[in-house]
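Okay, thanks everyone, let me put the model up on the screen. I'll walk through a few spots and then take comments.

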Amino acid sequence: MNFLKEFKTFAMRGNVVDMAVGIIIGGAFGKIVSSVVSDLIMPPIGLLLGGVNFTNLKIVLKQAQIDPVTGAVSEAVSINYGNFLNVTLDFIIIAFSIFLLVKLINSMQRKKDETPAAPPAPTKEEQLLTEIRDLLKENKQ
């Protein structure tokens, strides 16, 4: 029972919950970026390169074959480098977005750290000297 209690304490810590939320949001963000790359960025690039559809770019190592006796189809073996290009672009966009987010958070943290601290309270000696100065000024007038 102690093990379960310890696990519950661990799981309910703020940073574990924050991490779980971050992972969920990161997964959703990854899907959005994948859609942006495959649906918005790659089609115009493919059009500029002569109507190339990057998801169809591949090097076929072995063609699909139909068995004449059974009619079973063996799938083609290929290296799908077009899909690799899409995934690589996804990664670059996500990495750049995270870089910008971390840079923004760091700059906000620096601004927060740069706020000047209140001057320290005067020491007893300084207070005494200030009082003496003020008394001397009063006596001169």
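Before I point at anything: when I say helix, I mean a DSSP run of H or I with at least four residues, and a strand is a run of E with at least two, numbered from the N terminus. And keep in mind that this is a predicted model.

So, with that in hand, let's begin at Met12. Met12 sits in the loop that joins helix H1 (2-11) to helix H2 (14-48). Is Met12 buried or exposed? Exposed, because its relative accessibility comes out at 61%. For a feel of the distances here, take Met12 and Val60: they are 48 residues apart in sequence, and their C-alpha atoms are 51 Å apart in space.

Next, helix H3, which runs over residues 81-114. I picked two residues there. One is Asn86, which belongs to H3 and counts as buried at 6% relative accessibility. What does Asn86 touch, once you skip residues up to four places away in sequence? The list is Val37, Met42, Phe54 and Thr55. Val37 and Met42 fall inside the 14-48 range of helix H2, so to speak, a partner for H3 at this spot. The other residue is Asp90, also in H3. Asp90 is buried and yet has no salt bridge. As a reminder, side chains of opposite charge can pair when their charged atoms come close. For Asp90, the nearest side chain of opposite charge is Lys31, and Lys31 is 12 Å away. The cut-off for a salt bridge is 4 Å, nitrogen to carboxyl oxygen. As for what Asp90 does contact, setting aside neighbours within four places in sequence, we get Val33, Ser34 and Val37. Val37 is a name you just heard, as a contact of Asn86.

How many salt bridges does the structure hold, then? One. It is between Arg133 and Asp134, with the closest N and O atoms 3.2 Å apart. Arg133 is partly exposed, at 44% relative accessibility, and Asp134 is partly exposed too, with a relative accessible area of 32%.

Both numbers fall within the range of helix H4, residues 124-140. Of the 17 residues in H4, zero are buried, so the helix lies largely in the open. I also checked its length: at 1.5 Å a residue, H4 should span 24 Å, and the end C-alpha atoms are 25 Å apart, which agrees.

Now over to the strands. Ser78 is in strand S4 and is partly exposed, with a relative accessible area of 25%. Apart from neighbours within four places in sequence, Ser78 is in contact with Lys58, Ile59, Val60 and Leu61. Compare that with Phe54: it is 24 residues from Ser78 along the chain, and the two C-alpha atoms are separated by 14 Å.

Then there's Ala64, in the loop between S1 and strand S2 (65-66). Ala64 counts as partly exposed, at 46% relative accessibility. Which residues does Ala64 contact, leaving aside those within four places in sequence? Ser74, Glu75 and Ala76. With Ser74 the C-alpha distance is 5.5 Å, although the two are ten residues apart in sequence.

Last stop is the surface. There's a nonpolar patch made of Ile59, Leu61, Val77, Ile79, Tyr81, Phe84 and Leu85, and together they have about 660 Å² of accessible area. Where does the patch come from? Strand S1 (59-62), strand S4 (77-79) and H3 each supply at least two of its residues, and the largest share, three residues, comes from H3. Take Ile79 as one of the members: it is found in S4 and is partly exposed, with a relative accessible area of 44%.

That's my tour. Which spot should we zoom in on?

Methods: Residues numbered from 1 in each chain as written. Predicted model: local features only at pLDDT ≥ 70, side-chain atom pairs only at ≥ 80, totals over all residues. Heavy atoms only, no water. Buried < 20%, exposed > 50% of the residue type's maximum accessible area, 1.4 Å probe, protein only. Lys, Arg positive; Asp, Glu negative; His and termini not counted. Contact = heavy atoms within 4.5 Å. Patch = residues over 30% accessible without salt bridge, like charges linked within 9 Å, V, L, I, M, F, W, Y side chains within 5 Å. Areas by Shrake-Rupley, 256 points an atom, 1.4 Å probe, with all protein chains shown as cover. Expected span 1.5 Å × (residues − 1).
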